[in-house]
Every structure is written in C-alpha cells, then in structure tokens.
Amino acid sequence: MSERWQTLIVSDLHLGGGAADPGDDHVYQNRQLERFVRQRLASPAGQAGEIELFFNGDFLEFAQVRPQAYRNPSADYWCSEAESLEKLEAILAGHDNSFAALRDFQAAGNRVTLAAGNHDVDLCWPAVRKRLRARIGPGLRFETGVDWVERHDGRLHIGHGHMEDPANRFKHWSAPIRQAPDGARLEMCPGTLFMVHFVNGLEARYPFADNLHPVQNLATVLLREDTGGFASAGWMLLKFIARHAKALGAPAHSDVGRRLLARLRDDDDFAQRLAAACRLLGEERSPASVRRDVTDEDSLAELMRQLFVVVPTDDWQALFALRPAAVLGTGSSKTLGTIVGARHFGRQALRDLAQRRFDACPAAQVIVMGHTHLPDTQSFGNRHYLNPGSWTRYLDLESHPPLRLDDLRDESCFPYELNYVVVEATETDSRLVARRACFEKSG
C-alpha cells in the first residue's frame, strides 16, 4: 500500500557517535530506540506492514559528531559531501543496533522516512542518502529541502519548525548545497556556526550546555556569566537573531555592547588587540580605523561575528571578556539585565506557526512539529497541533528558574521523556486520530 494507515512521528533524536562519543546526547544507554522500533514492529500494524515511522528532523547529530571531520571552517559553509560521510560513519558505528532494528522494521513492509532538520541538513548529499539506504534498506525515504510534508491526502502536515527560528533557518533551504571556494559545500546556518565554534568546546566543561535548544536559549544563560567572554558570545548571537527577526524584538537592557564599546573608546590596548585580530580577516587595520568604523552595537556585533570564525575560541573569549562587574547576578537580579523577544524560541512560536498553517490549509486536520525539544499539544477547534519533544535530556527554560553555567555540569540532573506522535486513519471515517504517547521517561 502506498499510504500507511498509521504514522509514527519522532523528532530530535540527535544520534551521535554512541559510547565512543562523550558528547552524544541521544538517550541510548538502555537501547531505547532499538526497543521502541522492535516494539512497534511486533504490533499488529507493524506485522502487517502498515506503519510509516517518520523521523521529523535532527535524527542524526552531524553538527557535533566527530568535529575534526569538518576541515574548512567558514561562516558561510558547512560540510563537504566527504566530510558529512565521515561524520555519518561515526553515527552508524555508534548506534549499529538501532540501524539494524530500522532495517528489520522496513523489511517487514513498513516505511522509514528521514526528514532533514537544521542539525542533519547533511541528508541532502546523495552519497549520504545512498549510505543510509545501504544500511537501512533500499526503501528508505527522505524529505529534504521542504518546510512541510503532507500525508493522508493533505490531512496531516509535518514540519521540523526550524525555518521559523531566526537562529536556525537557512537562506537556501530548498537547495542548501552551495558552491564554496574549495568546492561544493552545504550552507551554514547561524545556530550551527555557534555550535561548531563555541558550544562543542564548552560541552567538555558543561556537558548539558548543548542540550539547551534552540541555541539562543543557551545564549541567555551565557549572558549571566560576566567573565571569560561567555556573556559577549551570548550577546553576539542574540544580536544577530534580533537583527534578522525584527518581529522578535531586539535585545533590551543588556549592557554588554555598551561596555565593550566603552572599552574600545577608552582602552588603547583593547583597540590594538582588535586591530591585530583583524589581520586574520585579511585586513590591515589600526586602532584608529577600528574606532572609526565600530561606532555602535550593530557594527561591533558584526565584527565580533567575523572574528568568531577566524580567531581560536579561547583567544576570542579572552579578547571580548567583560571587565569584572561590581555585582554578579544573584537571585532575581542580573548585572547584564534581561533579553526581551529574542530570548526564547519555544512553544508559543510553533503554536503560532501551526495556527497560520491551519488557516492556509483548510484540509489539514493534524500538524506535527519538533525543534524546540519541548513536548506540546494544542487544539484549534477540532484540529490539533502536537510536538513530541526530543529523545535527549531537556530543560524547559520557560518554567525553570534562571540558570548559570555551573548548573549545566551534570547532565543526569535533567529529565528525559521519549515521546512519539501516533496518527491513524480509518477506512470508515475521514477524520484522523492523533495522540502523543510516551515510550519511556526518566524516574
């Protein structure tokens, strides 16, 4: 049958390199994904080959696995096809049991579909798809380069949700393979740039740091760290997001930019170091020319972003570390103030997107998205939006007290809830039946 009666949707599993990869955030220690797939295979629908298992973006953690494979860092370009393949081999080796289960699931007549998200845009490479079909089976399907996928005659709409997020959207999502100076490469989105150049190194000291999704949620935590360049990194990212998403509002009441501009004006040594750093951009600059060109927060943030790519991370943090503040934030007070608008990309943003999608598509009955890592369900009359959340440990910043970096050292302190969405069609009723179910959760 071309259309399966039952569609199971999971999102944001982030499979990395398994036991050989200390940064693998996927919850796999008790073979959860393998057990889930085999459980569904053993069900009556699975035995009859009536299930489509749909991975709704960020199934594979290309952005963090085997970082040394990405050999030509750039602000504009992500991996070449060969580099993505090298990363894929690490994932396949790290989770062999899960891929074996998917092969058996599909061999029974069920369907497996992998949709690309911002962390696995690498699925756009033909060689990556070919390698995955060799491992899972020739019937493996892919959905790339589209915002929405429809099932059940347009009654079910599935989208990852990242294209609504200014930190993780792509300029060329329909065709992300671009021509870089050294050959074909994938487009780099801002969130991945920040992950590669900053978060991957941060994770060694603060293992839960990369679990704060989307990445601007981590940036808000960094703003509370007045030393070590952390606040400057968070401010730079949020400034970029606010500039490219006016509807979200601009950073408000954060004094990071003001403090750095004051230092540039008053501190000759800082101006000299900035001018020297600009040589890595191929520019000969003097302290006077830097001061002349960097006169406001926007021009400062842009220079910081350019240097972020070419200056080693530790050196960048040392360069832009804030002077010690008089009082570090304690309790509800924050030396750096708060970020308004760009601070969170969470449940409400995707609920609003679901509402707009329902308005534009009268036939749609069920919409499923991911990306936020936050489980969610919202009804719009007799139409329903569902988000299964992630298969990683997660944190709901919208309801959690303010965090500091030290709170992110122990991943085991944070919960996981391995959810999936079930959408079923019947022969006698045109209405789809949809629900969110939990396979396993932390105690």
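**Exercise 1.** In this predicted model, work out where Ile158 lies and whether Ile158 is buried or exposed.

*Solution.* Start with the secondary structure: Ile158 lies in strand E6, which covers residues 156-158. Next, check the accessibility. The relative accessible area of Ile158 is 1%. The cut-off for buried is under 20%, so Ile158 counts as buried.

**Exercise 2.** Find out which residues Ile158 is in contact with, leaving aside neighbours within four places in sequence.

*Solution.* Go through the partners one by one: Ile9, Phe54, Asn56, Asp147, Trp148, Val149, Arg151 and Val368. Now take Ile9 from that list. Ile9 and Ile158 sit 149 residues apart in sequence, yet their C-alpha atoms are 8.7 Å apart in space.

**Exercise 3.** Do the same for Thr192: which helix is it in, is it buried or exposed, and what does it touch?

*Solution.* First, the helix: Thr192 belongs to H6, residues 190-202. Second, the accessibility: Thr192 comes in at 6%, so Thr192 is buried. Third, the contacts: once residues up to four places away in sequence are set aside, Thr192 touches Ala63, Trp78, Asn118 and Asn168.

**Exercise 4.** Zoom out and describe the whole protein: how many helices and strands are there, and what percentage of the residues is buried?

*Solution.* Count the elements and you get 14 helices and 13 strands. Of the 443 residues, 58% are buried. Then look at contacts with a separation of 6 or more: 72% of them are between residues 24 or more positions apart. Finish with the outside: the accessible surface is about 17,500 Å², and carbon and sulfur atoms account for 49% of that surface.

Key: Residues are numbered from 1 along each chain as its sequence is written. This is a predicted model: local features need pLDDT of at least 70, side-chain atom pairs count only at pLDDT 80 or more; totals for chains, interfaces and linings use all residues. Side-chain values use heavy atoms; hydrogens and water are left out. Helices (H or I, at least four residues) and strands (E, at least two) are DSSP runs, numbered from the N terminus. Buried means under 20% relative accessible area, exposed over 50%, partly exposed in between (1.4 Å probe, protein chains only). Contact means heavy atoms within 4.5 Å. Accessible areas come from the Shrake-Rupley method with a 1.4 Å probe; for residues, only the protein chains shown count as cover.
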